[in-house]
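The following note sets out points on the backbone, the helices and the side-chain packing for a colleague's consideration. Please read it alongside the sequence and the model.

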Amino acid sequence: MKELVVNSIINNITKYYDYDNTKISEIKYGIESLYLTITKTIIIFIISFILNTTNELLLLLLMYGLIRLTGFGVHAKKSWHCWVSSLTTFVLLPILIKYTIIANNILLISYVIFIIALLKHAPADTEKRPLINNKKRLIYKILTILIAVSYLIISLLFQEKTIIVNTLYYSTLLEVLLTLPCTYKLFGVKYNNYKNYKKKGGTIWN
């Protein structure tokens, strides 16, 4: 089904635009990524609707998406890795958000660990998007820590709102996991790509 949709779009594009093979390959990759994202999202929401965790899923996507914007993190190299990890994450975590209760002492200890981990590992780049600018890496790091600290403060202020506390907690946990070197190793992708990014001249671009 994916090949049928992608090839159909590519054929229509080539009717009107005279792109070379390199450009066509780039467009095809983008369309495949978009197709994968859309199909995953639809399936995840269908499962969430069946499990009655749609509200939790929406909150998770919002809160996780915010900290992911600055902390970045690993991207699966293979489409089936992406399917398995996405389905596991965005089906399981809304269930945990809905049904678990996190004690205050566990919350505080966890956030201390989260913040230390993010200080060390965030922002975590990818091969296709190496964070080669030192100043930007520092800004992203500071913003990520500020978001994590804000999540902790909000959690303490709204202790009675379990869904808020849990959403912020699991969003931060997920971001931490996706910035760890061991997670990159698990997915078979390179870590700290900015260190290996070089210009044609052979020097590192900072």
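1. N52 is found in the loop between α2 (21-51) and α3, where helices (H or I, at least four residues) and strands (E, at least two) are DSSP runs numbered from the N terminus. Phi of N52 is near 60°, a positive value in a residue other than glycine. At 53% relative accessibility, N52 counts as exposed; the terms used here are buried for under 20% relative accessible area, exposed for over 50% and partly exposed in between, with a 1.4 Å probe and protein chains only.

2. On the basis of the note: the model is predicted, local features need pLDDT of at least 70, side-chain atom pairs count only at pLDDT 80 or more, and totals for chains, interfaces and linings use all residues. Residues are numbered from 1 along each chain as its sequence is written, and side-chain values use heavy atoms, with hydrogens and water left out.

3. As to overall content, the protein chain has eight helices and zero strands. The chain comprises 206 residues, of which 37% count as buried. Among contacts between residues at least 6 apart in sequence, 75% join residues at least 24 apart; contact means heavy atoms within 4.5 Å.

4. A second positive phi belongs to F72, a residue other than glycine, with a value near 55°. F72 follows just after α3 and lies in the loop between α3 and α4. Is F72 buried or exposed? At 12% relative accessibility, F72 counts as buried, whereas N52 counts as exposed.

5. The peptide bond from A122 to P123 also merits inspection: it is cis, with omega near -5°. P123 is placed in the loop between α5 and α6 (134-157). Most residues other than glycine have a negative phi, and most peptide bonds are trans.

6. The lengths of two helices were compared with the expected span, which is 1.5 Å times one less than the number of residues. For α3, with 18 residues, the expected span is 26 Å and the end C-alpha atoms are 25 Å apart, which agrees. For α4 (residues 79-99), with 21 residues, the expected span is 30 Å and the end C-alpha atoms are 30 Å apart, which also agrees.

7. Both helices contribute buried residues. In α3 these are E56, L57, L60, M63, Y64, I67, R68, T70 and G71. In α4 they are H81, C82, S86, T89, F90, V91, L93, P94 and I97.

8. How many aromatic pairs does a search of the whole structure find? The search finds seven; rings of Phe, Tyr and Trp (its six-membered ring) pair if their centres lie within 6.5 Å, with planes under 30 degrees apart counted as stacked, over 60 as edge-to-face and the rest as tilted. One of them joins Y64 and F90 in a tilted arrangement, 6.1 Å centre to centre with 55° between the planes. Y64 lies in α3 (residues 54-71) and F90 in α4, so the pair ties together parts that are 26 residues apart in sequence. Y64 and F90 are both buried.

9. Y111 and F114 form an edge-to-face pair, 5.6 Å centre to centre with 70° between the planes. Being three residues apart in α5 (residues 104-121), Y111 and F114 are separated by about one helical turn. Y111 is buried, with a relative accessible area of 0%, and F114 is buried at 6%. Ring pairs link Y111, F114, Y169 and Y170 into a cluster.

10. The axes of α6 and α7 (residues 162-179) come within 9 Å and cross at roughly 160°; axes are lines fitted to C-alpha atoms, for helices over the stretch in contact, and angles run from 0 to 180 degrees between N-to-C directions. That makes α6 roughly antiparallel to α7, given that angles under 35 degrees count as roughly parallel, over 145 as roughly antiparallel, 65 to 115 as roughly perpendicular and the rest as oblique. The contact is made by A148, Y151, I154 and S155 of α6 and I164, V165, L168, S171 and T172 of α7.

11. S155 deserves a separate remark. This residue of α6 is buried, with a relative accessible area of 0%. Not counting residues up to four places away in sequence, S155 touches L107, Y111, V165 and L168.
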